[in-house]
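Hi,

Here is the structure I promised to pass on. Have a look at it first, and then read my notes underneath.

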Amino acid sequence: MTQRKRPSNTLRLSQSKEEDEDVTFTQPSSSQVQRGLEKLTPAQVDQKTAEVVQYILVKDQKKIPVRRAELVKNIVKDYRTVYPEIIKRAKRIFEQVFGLKLVEIDPKNHILNKNVLSVHRCPSNPKTGLLFVILSVIFMKGGIVRENQIWNTLKKLRVDPGQRHEEFGDVRKVVTEEFVRQRYLEYTRIPHTEPIEYEFRWGHRADMEVSKAQILEFMGQLHEQDPRSWSQQYREAHTGSSSASSGSLSTSTF
Amino acid sequence: MSRQLGDHHRRFLQTMMTIGITSEKEAKTLYQHCCETHKTQCAPDRLEEFIEAINSRLQPMFMQIRKGMSEEDGQQHYALVNTAETDITRMTSDYADNELELFRKIMDLIVSSENGKASSTDILNSADMMTSKKLKKGETQQLLLRLVQDKWLCESQGEYNLSTRCIIEMEPYIRAMYQDQVKVCHICHNMAFQCQICENPSCGIKIHNPCVARYFKGRMEPHCPACDDFWPHEIPEVRELHSLSKR
């Protein structure tokens, strides 16, 4: 397992920094994979697969997406010619043993895990409630929201980003750093704003783990309205475009 | 001997991954809940088999749901552990090198202590004698807080002892590292940190507090099971009727 690095190395806030530091990893062809497999014993491939599974589990514990380049460099190493086969087996193990789905959210290099058991895990974290409120606001407002709109909503709920909150601590940090790092939110700069302003969107993990239909139900109950009265959001929530609705296989860009 | 798992197994495993450790009683409840949620038959006395099935699939990943007794209440617990190496590698991704060094020193203090505890004073003194980057007093206190939060240590009145989860997970490491130094319970033969010791200098056997409670329950005059000398310590109350099962 990798040693813990100093915080400044492991926190990657802006996406562009990540791209710069990536070693490009080109996928081997299927014939290369075949040839690679012939040179290895089944036990060796199984062992390497197990290491990959462990590595991803450790990262997933912290909800940090796994970068493919890192995975190859730290764990896969000499087995890179059979990388697609290892990932295929790892996916099978995640599904069969853990009931988790290994998904590539970013064709270049990110992988993360999603729960496929039909009833979701018991939320043990109060931050989930906070996140849920933010996701709801973003969704109801069409998918993008300026940051001050989020802060205003939270202030109405007595959660002030300027003050230390009893439960959440540094609220601004949780929302703009933790949730972003975990890929629940996207926090991007609005160009040409002075002073600099940011906007929020749903992150990839939210797209996969949170059902928009559920959010609409919740809003309906909150405002005592039929979810259908928000026709645009209703349409968006109930078309096949949301990948969170069922355990359907994602189209992988292998 | 790998078995096919169902969603009820997976839900149980996912929960174990979230909570890390659970009492046997709670594990039984969780098992029933998982079976009900996924509409599977549930025989209440087949928890062991159920966990065995999961373990057979976890084994290639060097993981296991392992059973162990809590020294606090004598109850059996189940913990999800990493079986990969005999070192404390489980922690290396969460703690810095110097923090791990101090944790090892804390373990030294606990193993060599009579009551299975290390006082914060002793821990702070140990921090002064570190070979890697020294931890300041504030940093040591922060570290101790994290170790308790992450369920490696328990704290009570300024003293720290190893948590049940820590004992279950690190047993191979502790046995290998400390060998004869680590105390062993005469009754259940597992490692013992918080225990009573026979005062006969040529005997000196150790018994876990909960094992003492069970062994001497109802006896008017307790005697050491090894040397027959009078057992002078206070006999604790049995917490709950529970059969002693070997691991």
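How many aromatic pairs does the structure hold over all chains? There are 9 of them, where rings of Phe, Tyr and Trp (its six-membered ring) pair if their centres lie within 6.5 Å, and planes under 30 degrees apart count as stacked, over 60 as edge-to-face and the rest as tilted. In one, Y187(A) and Y198(A), the ring centres are 4.4 Å apart and the planes are at 10°, so this pair is stacked. Y187(A) belongs to strand β7 (residues 185–190) of chain A and Y198(A) to strand β8 (residues 197–202) of chain A, so the pair ties together parts that are 11 residues apart in sequence. (Helices, H or I with at least four residues, and strands, E with at least two, are DSSP runs, numbered from the N terminus.)

Before I go on, some housekeeping. This is a predicted model, in which local features need pLDDT of at least 70 and side-chain atom pairs count only at pLDDT 80 or more, while totals for chains, interfaces and linings use all residues. Residues are numbered from 1 along each chain as its sequence is written, chains are lettered from A and ligands numbered from 1 in the order in which they are written, and side-chain values use heavy atoms, with hydrogens and water left out.

**Chain A**

Back to that stacked pair. Y187(A) is partly exposed, at a relative accessible area of 22%, and Y198(A) is partly exposed too, at 26%. (Buried means under 20% relative accessible area, exposed over 50%, partly exposed in between, with a 1.4 Å probe and protein chains only.) Both tyrosines belong to a cluster that ring pairs make with W151(A) and F200(A).

The strands around them form an open sheet of 3 strands, in the order β4-β8-β7, with antiparallel pairing; two strands pair if DSSP finds at least two bridges between them. At the edges are β4 (145–146) and β7 of chain A, each pairing on one side only. Between β7(A) and β8(A) there are 6 bridges, and L185(A) has W202(A) as its bridge partner in β8(A). W202(A) also has K212(A) over its face, at 4.5 Å from the ring centre. (A charge sits over a ring if NZ of Lys or CZ of Arg is within 6 Å of the ring centre and within 35 degrees of the ring normal.)

Helix α9 (residues 171–181) of chain A lies across β7 and β8 of chain A and runs at about 125° to β7(A). Axes here are lines fitted to C-alpha atoms, for helices over the stretch in contact, and angles run from 0 to 180 degrees between N-to-C directions; contact means heavy atoms within 4.5 Å.

**Chain B**

Chain B has an open sheet of 3 strands as well, in the order β1-β3-β2, again with antiparallel pairing. Its edges are β1 (21–23) and β2 (63–69) of chain B, each with a single partner strand, so one side of each has no neighbour in the sheet. On average, neighbouring strands are turned by 25° against each other, direction ignored. β2(B) and strand β3 (residues 76–82) of chain B pair over 7 bridges, with K67(B) opposite Y78(B) in β3(B).

What packs on this sheet? Helix α1(B) does, touching β1, β2 and β3 of chain B, and its direction makes about 85° with that of β3(B). Helix α2 (residues 24–37) of chain B lies across the three strands β1, β2 and β3 of chain B too, running at about 95° to β1(B).

Elsewhere in chain B, helix α4 (residues 97–112) and helix α6 (residues 137–149) pack at an angle of about 75°, with their axes 11 Å apart. That makes α4(B) roughly perpendicular to α6(B) (under 35 degrees counts as roughly parallel, over 145 as roughly antiparallel, 65 to 115 as roughly perpendicular and the rest as oblique). Among the residues making the contact are L102(B) and F103(B) of α4(B), and L143(B) and L147(B) of α6(B).

One more residue to click on is T164(B), in helix α7 (residues 164–178) of chain B. T164(B) counts as buried, at 14% relative accessibility, and the residues it touches include I21(B) and H77(B), not counting those up to four places away in sequence.

Cheers
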